[in-house]
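Welcome! Have the model open beside you and try each exercise before you read its solution.

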Amino acid sequence: MLRTPTGGAGHGTATADDRALSIGAVLLQLRDEFPEVTISKIRFLEAEGLVEPQRTPSGYRKFRPDDVERLAQVLRMQRDHYLPLKVIREHLDALARGEQVSLPSPGGQRDLPDGAWETGPGRATAARIGRAELLAAAEVTESDLEEWESYGLVAPTADGGYDAETVTVAKLVADLGRFGLEPRHLRAMRGAAEREAGLIEQVVAPLRRHRNPQTRAHAEATARELAELSVRLHSALVQTALRIRLH
């Protein structure tokens with residue numbers, strides 16, 4: 001749920017200008033629901049015509065509440081339905097005209113184009129999509145994806161599809177690419193991830209070999225918790241290293 005700013009008591013009704021937000025404030029609101037969104041992503045969606053914030057005389061962006069909600073709709077359609085931006089724009093334009101827009105439900109099993117599929121509630125595996133849907137979700141070309149695969153950054157599952165984590169990786173690699181970071185630059189990150197996964201595997205391996213199903217389930221939960229801690233540590237170490245270099 002997006003937080004909506006409200007005026008204080010005794011100040012009357014807030015005007016549109018009073019409620020306009022900077023891009024940083026928009027980022028904070030969106031991150032409640034979309035933790036991976038970045039300022040560069042918001043700017044990219046603006047460049048693609050998905051949102052048109054106002055500009056102050058000095059050139060700063062000011063987003064109205066309906067701009068923030070529109071951004072949230074775009075991000076939901078990308079996350080839940082893997083729709084390309086062109087299709088998302090058409091859906092939003094239709095909604096603005098008061099038309100009904102039919103989107104497949106993100107829950108349950110449904111037919112998807114070009115060999116995409118997903119599992120329903122209660123299954124161990126999250127939604128999987130085909131190659132065409134991955135290209136649309138990451139907004140890249142076939143040659144981009146082939147290069148990522150050659151560096152081991154992205155790989156299909158054993159049954160030939162791409163799971164939700166791979167979609168996330170693809171989107172992040174694409175976002176980094178907009179800053180000039182090429183796949184060859186990201187090999188070190190891939191290597192570090194493999195080493196961290198190896199450490200976690202060593203910790204939970206005894207639990208996973210246990211015959212008790214509850215113990216094996218505890219192993220999976222422990223692995224997820226360790227992975228989260230590892231990511232937080234990595235982020236803190238990067239921030240610390242940057243402070244040392246930039247000051």
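**Exercise 1: Around helix α6**

Right after helix α6, Glu139 has a positive phi of about 60°. This is a predicted model, and the exercise begins at that spot.

*Task.* Work out which residues of α6 are buried, and what they pack against.

*Solution.*

Step 1. Find the helix, which covers residues 131-138.

Step 2. Apply the cut-off: a residue is buried when its relative accessible area is under 20%. In α6 that picks out Glu133, Leu134, Leu135, Ala136, Ala137 and Ala138.

Step 3. Draw the conclusion. Six of the eight residues are buried, so α6 is largely enclosed by the rest of the structure.

Step 4. Look for the partners. The buried residues of α6 pack against α4, α7 (142-150) and α8 (164-177).

**Exercise 2: How α6 meets α7**

*Task.* Decide how α6 and α7 are oriented to each other, and list the residues that make their contact.

*Solution.*

Step 1. Recall how such a pair is described: by the angle between the two axes and the distance between them.

Step 2. Put in the values. The axes of α6 and α7 are 10 Å apart, and the packing angle is about 100°.

Step 3. Classify the angle. Values from 65 to 115 degrees count as roughly perpendicular, and α6 and α7 are therefore roughly perpendicular to each other.

Step 4. Name the residues in the contact. α6 supplies Arg131, Leu134, Leu135 and Ala138, while α7 supplies Glu142, Leu145, Glu146, Trp148 and Glu149.

Step 5. Sort them by class. This contact of α6 with α7 has five nonpolar and four charged residues, and no polar ones.

**Exercise 3: Two crossings of α4**

*Task.* Describe how helix α4 crosses α5 and how α2 crosses α4.

*Solution.*

Step 1. Begin with α4 (residues 65-81) and α5 (residues 85-96), whose axes come within 10 Å and cross at roughly 135°. α4 and α5 are therefore oblique to each other, and their crossing is right-handed.

Step 2. See who takes part. From α4 come Arg70, Gln73, Val74, Met77 and Gln78; from α5 come Leu85, Ile88, His91, Leu92, Asp93 and Leu95. By class, the contact of α4 with α5 has six nonpolar, three polar and two charged residues.

Step 3. Turn to helix α2 (residues 23-30). The axes of α2 and α4 come within 11 Å and cross at roughly 50°. That angle makes α2 oblique to α4, and α2 passes α4 in a right-handed crossing.

Step 4. List this contact too. Val26, Gln29 and Leu30 of α2 meet Val68, Leu71, Ala72 and Leu75 of α4. Here the contact of α2 with α4 has six nonpolar residues, one polar and no charged.

**Exercise 4: Glu46 and its helix**

*Task.* Is Glu46 buried or exposed, and which residues is Glu46 in contact with, leaving aside neighbours within four places in sequence?

*Solution.*

Step 1. Place the residue: Glu46 lies in helix α3 (residues 39-47).

Step 2. Check its accessibility. Glu46 has a relative accessibility of 17%, so it counts as buried.

Step 3. List its contacts. Neighbours within four places set aside, Glu46 touches Val51, Pro53, Arg55 and Arg61.

Step 4. Widen the view. The buried residues of α3 are Lys41, Ile42, Phe44, Leu45 and Glu46. Their cover includes α2, β1 (54-55), β2 (61-62), α4, α5 and α8.

Step 5. Follow the chain onward: after α3 comes Gly49, with a positive phi near 80°.

**Exercise 5: Arg224**

*Task.* Find the helix that holds Arg224, and decide whether Arg224 counts as buried or exposed.

*Solution.*

Step 1. Arg224 sits in helix α10 (residues 213-246).

Step 2. Arg224 has 55% relative accessibility, so it counts as exposed.

Step 3. Compare positions along the chain and in space. Arg224 and Ile200 are 24 residues apart along the chain, and their C-alpha atoms are separated by 9.2 Å.

**Exercise 6: The whole protein**

*Task.* How many helices and strands does the protein have, and in what order do its elements run?

*Solution.*

Step 1. Count the elements: the protein has ten helices and two strands.

Step 2. Read them from the N terminus on: α-α-α-β-β-α-α-α-α-α-α-α.

Step 3. Add the overall figures. Of the 247 residues, 31% are buried. The accessible surface comes to about 15700 Å², with 54% belonging to carbon and sulfur atoms.

Definitions and conventions
Residues are numbered from 1 along each chain as its sequence is written. This is a predicted model: local features need pLDDT of at least 70, side-chain atom pairs count only at pLDDT 80 or more; totals for chains, interfaces and linings use all residues. Side-chain values use heavy atoms; hydrogens and water are left out. Axes are lines fitted to C-alpha atoms, for helices over the stretch in contact, and angles run from 0 to 180 degrees between N-to-C directions. Helices (H or I, at least four residues) and strands (E, at least two) are DSSP runs, numbered from the N terminus. Angles under 35 degrees count as roughly parallel, over 145 as roughly antiparallel, 65 to 115 as roughly perpendicular and the rest as oblique. A crossing is left-handed if the near helix is turned anticlockwise from the far one by less than a right angle, and right-handed if clockwise. Contact means heavy atoms within 4.5 Å. Ala, Val, Leu, Ile, Met, Phe, Trp, Tyr, Cys and Pro count as nonpolar, Asp, Glu, Lys and Arg as charged, and the others, Gly among them, as polar. Buried means under 20% relative accessible area, exposed over 50%, partly exposed in between (1.4 Å probe, protein chains only). Accessible areas come from the Shrake-Rupley method with a 1.4 Å probe; for residues, only the protein chains shown count as cover.
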